[in-house]
Amino acid sequence: MKLRLDKYLTEMGCGTRSQVKKEILKGSVSVNGEIAKKAERKVDTEKDEIIFKGEKIFYAGYEYFMLNKPAGVVSATEDKKERTVIDLIKESKRKDLFPAGRLDKDTEGLLLITNDGQLAHRLLSPKKHVDKIYYAKIKGIVTEEDVRLFEKGVHIGDEKPTMPAALEILSVQKERRKEKIKEQKILPETKNETDEKEDGYSEIYLTIKEGRFHQVKRMFRAVGKEVVYLKRIQFGTLTLDPSLKPGQYRKLTEEEVEQLC
Ligand code: URA
């Protein structure tokens with residue numbers, strides 16, 4: 001691909017357009033061993049050797065990173081108050097990275113970070129129905145009835161119910177909770193009446209094909225339960241690399257990029 005020299009250097013993070021133009025005028029940039037004089041000269045991203053202030057600048061077109069998003073950072077490119085997922089990617093050459101989709105601030109797990117707008121658009125398009133798999137801990141006992149309801153689609157306050165989603169129950173921990181139902185003040189010798197209620201926590205996998213705002217949390221709220229921990233483990237053909245700790249990332253392999261595309 002052919003590009004203007006100043007654009008090439010700006011895209012590779014050497015400075016702003018005006019800063020790199022100044023460096024070119026100062027003679028700090030060479031192309032194939034010759035000092036470049038003009039910012040608008042064209043360079044070939046595959047063939048030409050560009051040296052900026054003594055350092056060889058390799059061109060990176062599209063970049064793809066798999067991030068294990070930690071809780072506490074926001075899925076945005078910039079934010080005045082909060083740390084963003086882009087702040088975590090330290091070794092990118094590109095300045096135009098963005099997260100392909102969003103996870104809530106308190107959600108962990110797989111997030112694709114790229115500058116490939118077309119791919120992101122395809123993966124996020126509501127028409128494409130790309131599978132996303134979440135692992136969650138739920139306050140409440142998830143039942144086979146919930147599995148059936150999610151399979152049919154639930155109303156979460158939007159115009160349409162959710163598309164069929166596959167809910168898999170991994171474990172259920174039941175606990176009995178005593179609930180006071182009546183205080184008997186008239187006859188002090190009578191004990192307070194109590195009612196035993198079954199409560200507990202469940203672990204699940206949920207596969208959804210949409211990406212509505214707070215979708216997983218709202219689906220469980222619709223069946224009277226609460227998500228207390230949420231982690232995305234799959235996005236389309238991409239599976240979260242188990243060696244990545246929250247906050248860590250790696251480049252996608254060529255095979256992973258091909259499969260996604
Ligand atoms: N669903 C949610 O509720 N939150 C997320 O972060 C992702 C899916």
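**The ligand shell, questioned**

Modeller: By class, four nonpolar, three polar and two charged residues form the shell around the ligand. The model is predicted.

Biologist: What makes Asp 104 a polar contact of the ligand?

Modeller: A polar side-chain atom of Asp 104 lies 2.7 Å from a nitrogen atom of the ligand. The cut-off is a pair of N or O atoms within 3.5 Å, so the pair counts.

Biologist: Which backbone atoms make polar contacts with the ligand?

Modeller: A polar backbone atom of Val 216 is 3.1 Å from a nitrogen atom of the ligand. For Lys 217, a backbone N or O atom lies 3.1 Å from an oxygen atom of the ligand. The limit is 3.5 Å, so both pairs count.

Biologist: How much of the ligand does the protein bury?

Modeller: The ligand taken alone exposes 240 Å², and the protein buries 96% of that. The ligand sits in the largest pocket.

Biologist: Why is Tyr 134 listed among the residues around the ligand?

Modeller: Tyr 134 is one of the residues around the ligand, as are Leu 103, Thr 107, His 214 and Leu 230. The test is a heavy atom within 4 Å, so each listed residue has one that close.

Biologist: Which helix gives the most to the shell?

Modeller: Helix H5, residues 215-222, gives three residues.

Biologist: How do you know that domain 2 and domain 3 both supply the shell?

Modeller: At least three residues come from each of domain 2 (62-126 + 236-258) and domain 3 (130-173 + 197-233).

How values were computed: Residues are numbered from 1 along each chain as its sequence is written. This is a predicted model: local features need pLDDT of at least 70, side-chain atom pairs count only at pLDDT 80 or more; totals for chains, interfaces and linings use all residues. Side-chain values use heavy atoms; hydrogens and water are left out. A polar contact is a pair of N or O atoms within 3.5 Å; within protein, one must be able to donate a hydrogen and the other to accept it, and residues adjacent in sequence count only if both atoms are side-chain atoms. Accessible areas come from the Shrake-Rupley method with a 1.4 Å probe; for residues, only the protein chains shown count as cover. On a 1 Å grid over the protein atoms alone, a cavity is a set of points where a 1.4 Å probe fits but cannot get out, and a pocket is an open set with protein on both sides within 12 Å along at least five of seven lines; lining residues have an atom within 4 Å of a point. A molecule sits in a cavity or pocket if more than half of its atoms lie within 2 Å of its grid points. Helices (H or I, at least four residues) and strands (E, at least two) are DSSP runs, numbered from the N terminus. Ala, Val, Leu, Ile, Met, Phe, Trp, Tyr, Cys and Pro count as nonpolar, Asp, Glu, Lys and Arg as charged, and the others, Gly among them, as polar. Domain bounds come from an automatic or database domain assignment.
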